[in-house]
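Visitor: Could you take me through one part of this structure slowly, and then show me what lies around it?

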Amino acid sequence: MSQKALVEFKDLHTEFYTEAGVVKAVSGVSFQIRPGETVCVVGESGSGKSVTALSLMRLLANNAKIVKGEIIFDGRDVLKLKPHEMRRLRGNEIGMIFQEPMTSLNPVLTVGEQIMEPIIEHRMFSKREARKYAIELIEMVGIPRAHEIVDAYPHELSGGMRQRIMIAIALSCEPKLIIADEPTTALDVTIQAQILDLLRKLKSEKNVALMLITHDLGVVAEMADYVVVMYGGRVVEEGKVMEVFKNPRHPYTEGLLKAKPIIGERKERLYTIPGQVPSPLNLPLYCHFADRCPYVMPVCKEQYPDTFIDADGHKVACWLHAEGARA
Amino acid sequence: MTQYIIRRLIESIPTIIGASIIIFLVFTMAPGDFISAQFGMDSKMTQEKKEELRELYGLNKPLPERYAIWMGEIVKGNFGESYLYKKPVTDVINTFVWNSFILSATVLVLQWMAAALVGIVAAIKQYTLYDQLVTLFVFLAMSLPSFFLGLLLLKLFAVDYRIFPLGGMSSTGIPHEGWAYIKDVMWHMALPVITLTMLSIGGLTRYFRTSMLEVIRQDYVRTAYAKGLKDHVVIFKHALRNALLPLITLFALELPGLFSGAIITERIFNWPGIGKVTLDAIFQRDYPLVMGFTLFISVLTILGNILADVLYGVADPRVRHR
């Protein structure tokens, strides 16, 4: 695992300027994705997972700004790229799948046209070659009757099929990284499993890295090699998937795992983490989780914890682990 | 598709009949008629003479009968004879409507092109100085009354700096032919076209801007950017095609406007258009002309609606007609 990182987020800070004030959506996020690896970014809504991904694609809304930090992709600082260089990265080296398959495809263009676009743009295919390749891609993502589907409009397809089309678009230029932003959240449970299977299969065939954003720990257990847990715009814990599940270090991760239903076990009530997610408008200077933490200590309300690294490379931002080796 | 259009055309017949009844009632039940408008002030006209004239024009028959006669003739293609011009209504309309049409058609083209350009750029550059200046200018032009704007332009460009003529449609006394005539008409058209374009561009610009702003925030536009497409491809292929959908209805409903003339502007620039003619006809109670023309415009409105639905089906695969 000492391979060179494909993506490296270094102390990323992204802020939104709203009427209510400055929202620090991401403050000081650092982690890596190695080639061919699946990294799951887990967290509640508003924890900054999507913003982190969109910062990498530089597709943030107009009122957002990356104020600090670096994002290195394949040896280049993404944030310093010129617009045309950025365009060559998007769709070509990084493919992206969004949460809402119902609205992510253009309603007035055929799916074939939409798959062909990046191929023609980045791979210089002729229209006819691109169409042939688009049909192959539709078959590859497991949609039957690809010859007919290529001329269909998005509204003629089901949600699961549309998400497969999105996957076909993301994979069309054989990228090095695929970002999947909650790709299964809007789908039925049975379809979810199919889409995840497809992603896993294609990922191993094409040997692409996958940055999978989710709040579903079941998805994490099934897909991830490595887990990054985010809370209040910061990474609170990261480590290999087995380690995080077996031995969570951060009280927040522990709470998340406790709140997960286990099949075959009946409980009156599922565990919930007490309290509310802090407002992203004015996050405290101390640990964001301190107000909900069952193990809270005086130091937790004074200072934001440093990141501590275990002997096996497991990282956690929590004062409980201060006696461990300092980062 | 053809079947759909035919069905819609047949379905519109009751609407047209309804419209004709309303038009007939509104005009005939208004106080006064052609005779009182022409001779009401004439002391030499005796009551008997007036009644005789009413008899001659068929104005003394009961309403249902008059309606039946009017409609019966229209079905045969005869809109009656204009009292004022002593010519068939269709001839009168045909003489003047095309003068209005070239004016309105030019305005329509200019207005839509300019509004599209200005509105789209304003949407992309939302809240920038450009956007705010455009908004200011557009509202300014929109809120000026047509008589004021028209007279202002006349004073500036026809009186002070004699670039454009004072009025009319062609120069009197100099008979032009072919190209020279077209150039002469275009020269006369300039000021009324500018006036009408400035008045109408405001609303449309806002429509373009709003529609574009709504579409730019959609997920599929983000998808298009995420595919690494060039900005102009994203804007014109992905965003604009969707932004135009709600504007199709607006565009098709311009159809009657192309033929209805601009009453005030035509008057200021002394343009021999249908707007001026119908206004005179209303004052003079020239029923056959006014009713015929109003019916013509209502048929165009209905056709415009059908056109809007057909175009919508062509442009949006989700409502495509079978």
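Guide: Happily; what follows is a close look at one helix of chain A, and then at its wider setting. Please keep in mind that this is a predicted model.

Let's start with helix α4 of chain A, residues 127-140. This helix has 14 residues and reaches 20 Å from its first C-alpha to its last, close to the 20 Å expected at 1.5 Å a residue. Its buried residues are A:Ala130, A:Ala134, A:Leu137, A:Ile138 and A:Met140. They cover an arc of only 150 degrees around the axis, so they sit on the same side of α4(A). There is a simple rule behind such a pattern: an α-helix has 3.6 residues a turn, so residues three or four places apart point the same way.

What do those buried residues of α4(A) pack against? Their partners are α3 (111-123), α5 (146-149) and α6 (159-171), which belong to chain A as well. After the helix comes A:Gly142, with a positive phi near 80 degrees.

One of those partners, α3(A), also takes us to chain B: it gives 4 residues, the largest share, to the side of chain A that touches chain B. The contact as a whole takes 23 residues from chain A and 18 residues from chain B. Along with α3, the element α2 (83-89) of chain A gives two or more residues to that side. The chain A residues there divide into 10 nonpolar, 7 polar and 6 charged.

For the wider setting, UniProt lists residues 7-257 of chain A as "domain: ABC transporter", in an unreviewed entry. Over residues 7-257 the chain is 39% helix and 28% strand, and the end C-alpha atoms are 27 Å apart.

Now for the nonpolar interior. The largest nonpolar core has 123 residues, and those with the most contacts inside it include A:Cys40, A:Ala168 and A:Leu177. The largest share of this core, 12 residues, comes from helix α8 (residues 178-216) of chain B. Apart from it lies another core, of 18 residues, among them B:Phe79 and B:Phe293. Back in chain A, and leaving aside neighbours within four places in sequence, A:Cys40 is in contact with residues including A:Leu212, A:Val220 and A:Val227.

Let's finish with a residue in chain B. B:Thr265 lies in helix α13 (residues 263-268), and it counts as buried because it has 24 C-beta neighbours inside 10 Å. B:Ser146 is 119 residues away in sequence, but the two are 6.5 Å apart in space, C-alpha to C-alpha.

Technical notes
Residues numbered from 1 in each chain as written. Chains lettered and ligands numbered in written order. Predicted model: local features only at pLDDT ≥ 70, side-chain atom pairs only at ≥ 80, totals over all residues. Core = buried A, V, L, I, M, F, W, Y, C linked by C-beta atoms within 7 Å. Buried ≥ 20, exposed ≤ 12 C-beta atoms within 10 Å, placed from the backbone. Contact = placed C-beta atoms within 7 Å. Expected span 1.5 Å × (residues − 1). Arc of directions from axis to C-beta. Nonpolar A, V, L, I, M, F, W, Y, C, P; charged D, E, K, R; others polar. UniProt positions renumbered as here; feature names shortened; annotations may be inferred.
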